[in-house]
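Me: I should like to examine the basis for each term applied to this model. Please set every value against its definition.

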Amino acid sequence: MADETRGAAPCPSTNVAKRVVIVGGGYAGTTCAVTLGRRLKGRDDVEILLIEPDPCQQALSELDMVAVGPPRPQFCELWHPAVFRKLPVRVCYNRVTAIHPEDHTVTVGDGQIVPYWRLVVASGAVPVVPPIPGLRERTITMWSVEDAQELQRQGEAAFKHAAKLSSAEERRRTLSFTVVGGGATGVEIVGTMGQLLPKRLTEAGLDAADLQVNLVEGRTSILYDLPEPQRAKAVHKLESMGVTVHTGSMVDRVEDDAIVLASGARIDSAVLVWCGGAKADPHAAEWGFEMDASKRLVTEIDLKALGFQDAYVIGDVASFRNPSKNNILPMLAQMAIQQGPHVAMNLLRELDGRPTTPFLPHMRGEFVSVGPSWGVGWMYGMNLTGLPAIIMKRITYVKYWLQVGGIPLAWKRTREMLAMQR
Ligand SMILES: Cc1cc2nc3c(=O)[nH]c(=O)nc-3n(C[C@H](O)[C@H](O)[C@H](O)COP(=O)(O)OP(=O)(O)OC[C@H]3O[C@@H](n4cnc5c(N)ncnc54)[C@H](O)[C@@H]3O)c2cc1C
């Protein structure tokens, strides 16, 4: 924790009648702050204070585009100073280390106490790395630009090492890339590898036939959340790119250049990426709110923390039961960016003395990229495959950029994205 707060500035202290403190500037916190800021311009009785250690939002859903290259993984960072430049949102680049709901205060960094009128907890999730022997020491998770850079670094090191080897067998072992986790994140990362790594190898003068790319999923099928025909198409597409898909056996242990499955199979894995799931921000469990069995914070129907009138919880850290389907919402950016603005509107209603409204989630579709220019998914009950699916996925990025930065941001980033797709 000391490292995480080192060098961070204290939150500016102001005297204001009503302070809304937003903890976390990811998809949920950023959309909440932007919506609130746009509507509270010119009011000096309310302060919006966003507390977030990282000045760049890690736009995680865009990571697949840059995980293996082109060499600009920073593309999926969204600078907060640019997003909030013209909005009445104070951003404090620090970490909330404690919340005291009974006192209506948060502790920032190593001890500054900041009172709030309303609190919005949006501290997200972290990757789960289970205690499989050898895993933690040898794997990369895929949760930030830094992770993508590490994957690129390890990939390049493997290329350089392979270039020096005369034995084809050793080159194949050195150029073995494995992704564990056949959910959307794992498929997106392995799809990008399957499409881009052969090109990179050929550009480096190496033989793409020496490359091994594996996807390992413990369940019997990848992309469990998608309809069956879409899963089969994704497997087919991956295989056509040279990716070997292993399903139905869990990872038992990780060795230096290989993983061993419970079935006994040994898979060369000089570079290993773990996409085996996520859990709610573990610090949030210490903040005094009600939790569900998976340690997400339980919310009421209007997204307030269960039993608290002045605290909301949104995004991945929130356990919200969808009343129409009676399920807990999945950890998805598309849910976070609906919840952020909804809470902003509820806060505005509270400022006007009106009652809050229930949150009604809309799951309009789901798209998974399999390589940078092909995808699978569904929208309004209709299955989409190939180019239409990838276009729909990229449109969701553009919609987000429009939501937080208007036309200038959307235009700038769309141009960058199109340049990268070429
Ligand atoms: C590789 C990858 C691909 C994905 N692709 C998709 C996709 O295609 N579609 C989709 O819908 N979803 C996708 N997701 C899921 C999506 O990214 C998450 O659901 C989304 O990020 C949740 O938003 P959030 O705001 O709750 O959390 P985050 O975006 O994770 O933001 C949480 C923020 O809180 C900050 N924070 C944490 N603790 C503190 C603290 N103590 N004090 C202050 N700040 C704190 C963090 O620094 C972070 O900025 C993907 C996820 C990954 C990892």
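Me: Which elements each supply at least two residues of the lining of the second largest pocket, and what makes a run a helix or a strand?
Reply: They are strand 4 (77-79), helix 3 (80-83) and helix 10 (387-421). Helices (H or I, at least four residues) and strands (E, at least two) are DSSP runs numbered from the N terminus, so 80-83 qualifies as a helix and 77-79 as a strand. Helix 10 gives the most to this lining, with seven residues. The model is predicted: local features need pLDDT of at least 70, side-chain atom pairs count only at pLDDT 80 or more, and totals for chains, interfaces and linings use all residues. Residues are numbered from 1 along each chain as its sequence is written, and side-chain values use heavy atoms, with hydrogens and water left out.

Me: Why is the second largest pocket said to lie between two domains?
Reply: Domain 1 (2-127 + 279-362) and domain 3 (364-422) both give residues to its lining, so the pocket lies between them; the bounds come from an automatic or database domain assignment. The pocket has a volume of about 470 Å³. Of the 20 residues that line it, the closest to its centre are Ala82, Val83, Arg85, Gly405 and Leu409.

Me: What makes a space a cavity rather than a pocket?
Reply: On a 1 Å grid over the protein atoms alone, a cavity is a set of points where a 1.4 Å probe fits but cannot get out, whereas a pocket is an open set with protein on both sides within 12 Å along at least five of seven lines; lining residues have an atom within 4 Å of a point. A search of the whole structure finds one cavity of 30 Å³ or more. About 60 Å³ of space lies in the largest cavity, where volume is the space filled by probe spheres set on points joined across faces, edges and corners. Its lining includes Arg296, Asp316, Phe320 and Met335, and helix 9 provides the largest share, three residues.

Me: How do you know that Asp316 has a polar contact with the ligand?
Reply: A polar contact is a pair of N or O atoms within 3.5 Å (within protein, one must be able to donate a hydrogen and the other to accept it, and residues adjacent in sequence count only if both atoms are side-chain atoms). A polar side-chain atom of Asp316 lies 2.8 Å from a ligand oxygen, so the pair qualifies. For Lys393, a side-chain N or O atom is 2.7 Å from an oxygen atom of the ligand, and for Tyr27 a backbone N or O atom lies 3.0 Å from one.

Me: Which domains each give at least three residues to the shell around the ligand?
Reply: Domain 1 (2-127 + 279-362) and domain 2 (135-276) each do. In total 29 residues surround the ligand, each with a heavy atom within 4 Å of it.
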